[in-house]
Amino acid sequence: MPTTPTAAPAGGMLEEAWALDESVALRPEPFGALAYHFGTRKLSFLKTPELVDVVRLLATSTSVEHALRDAGVPESHWPAYVGALRGLATGGMIRPRGQRGQA
Amino acid sequence: MTILEERTAPPPSPGKLVDQFEKGLDAPICLTWELTYACNLACVHCLSSSGRRDPRELSTDECKALIDEFERMQIFYVNIGGGEPTVRPDFWELLDYAVDHHVGVKFSTNGFRITAERATQLAATDYVDVQVSLDGATAEVNDAVRGEGTYDAALRAMANLRDAGMRDFKMSVVCTRHNIGQLDDFKAIADRYGAQLRLTRLRPSGRGADVWEDLHPLPEQQRELYDWLMAHGDRVLTGDSFFHLAAYGEPLPGLNLCGAGRVVCLVDPVGDVYACPFAIHDRFLAGNVRDLGGFDTVWKHAPLFQELRSPQSGGACTRCSAYDACRGGCMAAKFFTGLPLDGPDPECVKGNATGALAEGRTRPDSSRDHSHTGTVRNAPVPVTLLRHRPSAMCDQSPLA
């Protein structure tokens, strides 16, 4: 169902370590990337190249905040990015590190 | 496949995603691959005019090479159809090969060959989904279109899948004049088998061109369908096929965009690449996977696809208040009913195609036909005996 994206408060997730689910593949596209979850057959769109960078950096970053800094995302945009990451988390595309992904 | 676009909040504005889709993607999102024109049935509305195997059909090795190419292009998922794909002797081998190469498969079937044993095998395979065709919630409605015994075969297949533990497989319904009143019944059948209901639009493609006038939903039925989808749309799949109904008001879930040659294409059994599954005609032929450069080159560089990805003129439709919602509707539906591609959809809910449909039209000849030529077991017997009103009494009575 269409929902209006809201800029969630940036707290909480920023300090956490996340990663792309191991069943998810990213396909580069002119606008950013497609994310496909082989387990749930769900498709998501990463709508900017910067978001793709952030998502790719998650696995090697100690926290979401580090990934955002390393990707060069200005702090004023962090709430929007955290909102996008929360959306990806809801769809099972990314998950907190330490939890095993579903096959 | 479920598209989660709206759940991912966009970071600082990259523009509308739908605008990106109109310019095309590096690889299709929704690729239909028809493995064979051979079919054990002879449905009256078959999109691909299937029946007889084409002797030029891709070999097993060619199919595997194509799957390799899909893997390289990161086409995560293909919809396999036909014909009836399971009649290919190498079907199960190709299914395993695709899954092993990270190409998920959803295949469409009439269910005749989905035995208890095959259902168990399917339930045990990740990345495989099954779609069983059923075009009537009763045997009477279904078999008139798909052939005698096809209702029972579809339900038997679904029972086998359910009993094998397969969950959320698809039950796919082509919406016609005779089954719009059965939408709740379809939902109940799908629920009974643990299946997901999928509704799609009757297209005047293939043999569908011959029956479209008699089978496409009437205007009041289109409204009924729209209202039903608005009420149940979150639990029913549509393959984005009813975007012409968006002109009623609220858009239906999905992209509401013609994806032909932009995010969608069809590879047919002989390797021909068409702009969409409903457009098997020379006019929409982009190339062949056997050409130099293979499928990748056809997808990225075929002149037809370049044309479809360039800004399209809405023609007469741009003056309509609903144009932003329906974008003129379905290209294939217009083409096969002989309407201009830059005018309204033949089922335009504003009635803007009524005049053009009433005038003399030249429908395109079918440029590909693999229909059975002899007697077919289970051949459907359409319920309509007299298709067209006689123009004069003497057409009916020699005494008049």
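**Exercise 1. Identify the bridge partner of Ala25(A) in E3(A), and describe how E2(A) and E3(A) are connected.**

Solution. Step 1: Tyr36(A), in E3(A), is the bridge partner of Ala25(A). Step 2: the strands concerned are E2 (residues 24-29) and E3 (residues 32-37) of chain A, which pair in the antiparallel sense over six bridges; two strands pair if DSSP finds at least two bridges between them. Helices (H or I, at least four residues) and strands (E, at least two) are DSSP runs, numbered from the N terminus. Step 3: two residues lie between E2(A) and E3(A), and the two strands form a hairpin.

This is a predicted model, in which local features need pLDDT of at least 70 and side-chain atom pairs count only at pLDDT 80 or more, while totals for chains, interfaces and linings use all residues. Residues are numbered from 1 along each chain as its sequence is written, and chains are lettered from A and ligands numbered from 1 in the order in which they are written.

**Exercise 2. State the order of helices and strands along chain A, and the confidence assigned to chain A.**

Solution. Step 1: chain A contains three helices and five strands. Step 2: along the sequence they follow the pattern β-β-β-β-α-α-α-β. Step 3: the average pLDDT of chain A is 85, and 83% of the residues score at least 70; pLDDT is the predictor's confidence in each residue, from 0 to 100. Step 4: residues 1-10 of chain A have a pLDDT below 50, and this stretch has 20 contacts in the model beyond near neighbours in sequence. Two residues are in contact if their C-beta atoms, placed from the backbone, lie within 7 Å. Step 5: of the 103 residues of chain A, 41% count as buried. A residue is buried if 20 or more other C-beta atoms lie within 10 Å of its own, exposed if 12 or fewer, and partly exposed in between, with C-beta atoms placed from the backbone.

**Exercise 3. Compare the span of helix H3 of chain A with its expected span, and list what covers its buried residues.**

Solution. Step 1: the expected span of a helix is 1.5 Å times one less than its number of residues. Step 2: helix H3 (residues 78-90) of chain A has 13 residues and should therefore span 18 Å, in agreement with the 18 Å between its end C-alpha atoms. Step 3: the buried residues of H3(A) include Tyr81(A), Val82(A), Leu85(A) and Leu88(A). Step 4: their cover includes strand E4 (42-46), helix H1 (49-58), helix H2 (64-70) and strand E5 (94-96) of chain A. Step 5: just after H3(A), Gly92(A) takes a positive phi of about 75°.

**Exercise 4. Explain why the buried residues of H2(B) lie on the same side of the helix.**

Solution. Step 1: helix H2 (residues 60-72) of chain B has 13 residues and reaches 19 Å from its first C-alpha to its last, close to the 18 Å expected. Step 2: its buried residues are Cys63(B), Leu66(B), Ile67(B) and Phe70(B). Step 3: because they cover an arc of only 105° around the axis, they are on the same side of H2(B); the arc is that of the directions from the helix axis to the C-beta atoms. Step 4: an α-helix has 3.6 residues a turn, so residues three or four places apart point the same way. Step 5: the buried residues of H2(B) pack against strand E3 (77-82), helix H3 (91-100) and helix H10 (294-301) of chain B.

**Exercise 5. Classify Trp212(B) as buried or exposed, and name its contacts outside the neighbouring sequence.**

Solution. Step 1: Trp212(B) lies in helix H8 (residues 208-215) of chain B. Step 2: it counts as buried because it has 21 C-beta neighbours inside 10 Å. Step 3: leaving aside neighbours within four places in sequence, Trp212(B) is in contact with Leu202(B) and Pro204(B).

**Exercise 6. Describe the backbone at Tyr127(B), Asp168(B) and Gly83(B).**

Solution. Step 1: most residues other than glycine have a negative phi, and most peptide bonds are trans. Step 2: Tyr127(B) has a positive phi, near 70°, and lies in the loop between helix H4 (116-123) and strand E5 (128-133) of chain B. Step 3: Asp168(B) has a positive phi of about 60°; with 11 other C-beta atoms within 10 Å, Asp168(B) is exposed. Step 4: the peptide bond from Gly82(B) to Gly83(B) is cis, with omega near 20°.
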